[in-house]
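I opened the model today and kept notes as I went. The entries follow the order in which I looked things up.

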Amino acid sequence: MAVDEINAKGGVLVGNTKHKLEAYSIDTREHEPGIPVHDALTAAEKLILEKKPHAIVLGNFRSEVLLAAMDLISKYKLPYICSIAMSPLMQKKVTDDYDKYKYIFRNCMNAPYLAMYLGGVMGFIKKEFNFNRATIITQDVLWAKGLGKD
């Protein structure tokens, strides 16, 4: 819907020229239990090779798929905006080998910051309501398993 709205207004202004947007998607099936990382990467590479996007927005949501996809993204030198996968290992890879991973960006918080905010919320709830325990239910994904074990 957003692409249609933007294109109805002439597209996106880059410099002095308006460009129409095109959006493509592919189901990596990474949300399904038991889907191997390789299968999700194969789907992502198929999208890249067939549709030849200029950038990828949203990207993978399972951290273990994102971490593996980073090499794929660097191979094709595509700007890539990660907005769901929360593993702090993503930033470490970018920091450790910036030239290789300089195309990859995160526009959301990572798991340590989420844990910090959750800790603050839990402190507030204890202070305001005297609750002493909480149960955290997590997804079966790398970042959530790490967050939920403590």
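**Entry 1: R62**

I began with R62, which is buried at a relative accessible area of 9%. The model is a predicted one, so I treat every value here as computed from predicted coordinates. I placed R62 in the loop between β3 (56-58) and α3 (63-76). I then asked which residues R62 touches, not counting those up to four places away in sequence. I found E30, I35, V37, A85 and V141 touching R62. I assign R62 to the buried class because its relative accessible area of 9% falls under the 20% cut-off.

**Entry 2: L58**

Next I went to L58, which is found in strand β3. I noted L58 as partly exposed, at 42% relative accessibility. Leaving aside neighbours within four places in sequence, I listed I81, C82, S83 and I84 as the contacts of L58. I also checked L58 against N107: the two are 49 residues apart in sequence, and their C-alpha atoms are 9.1 Å apart in space.

**Entry 3: the cysteines**

C82 had come up as a contact of L58, and I turned to the cysteines from there. How many disulfides does the count come to? I got 0 disulfides. A disulfide is a covalent bond between the sulfur atoms of two cysteines. I looked at why C82 has no partner: the closest cysteine sulfur, in C108, is 5.2 Å from the sulfur of C82, too far for a bond. The cut-off I applied is 2.5 Å between the sulfur atoms. From the other side, I recorded C108 as being in no disulfide, with the sulfur of C82 as its nearest cysteine sulfur at 5.2 Å.

Are the two cysteines buried or exposed? I have C82 as buried, at 0% relative accessibility, and C108 as partly exposed, at 25%.

**Entry 4: L21**

I located L21 in the loop between β2 (17-19) and α2 (37-51). I noted L21 as partly exposed, with a relative accessible area of 31%. For its contacts, leaving aside neighbours within four places in sequence, I wrote down V3, I6, N7 and V12. I then took the distance from L21 to I35: they are 14 residues apart in sequence and 31 Å apart in space, C-alpha to C-alpha. I35 was already in my notes as one of the residues that R62 touches.

**Entry 5: the chain as a whole**

I left the overall figures for last. I counted 7 helices and 5 strands in the protein chain. From the N terminus on, I read the order of elements as α-β-β-α-β-α-β-α-α-β-α-α.

How does the radius of gyration compare with that of a compact globule of 150 residues? I have 19 Å for the protein chain, where such a globule would be near 15 Å. Along the principal axes, I got a span of about 60 × 35 × 30 Å for the C-alpha trace.

I put the buried share at 28% of the 150 residues. For contacts in the chain with a separation of 6 or more, I found that 52% come from residues 24 or more positions apart. I recorded an accessible surface of about 10400 Å², with 59% of it belonging to carbon and sulfur atoms. Last, I compared the charges: the chain has 20 positive and 17 negative ones, and their mean positions are 3 Å apart.

How values were computed
Residues numbered from 1 in each chain as written. Predicted model: local features only at pLDDT ≥ 70, side-chain atom pairs only at ≥ 80, totals over all residues. Heavy atoms only, no water. Helix = DSSP H or I, 4+ residues; strand = E, 2+ residues; numbered from the N terminus. Rg over C-alpha atoms; globule rule 2.2 N^0.38 Å. Buried < 20%, exposed > 50% of the residue type's maximum accessible area, 1.4 Å probe, protein only. Contact = heavy atoms within 4.5 Å. Areas by Shrake-Rupley, 256 points an atom, 1.4 Å probe, with all protein chains shown as cover. Lys, Arg positive; Asp, Glu negative; His and termini not counted. Charge placed at Lys NZ, Arg CZ, Asp CG, Glu CD.
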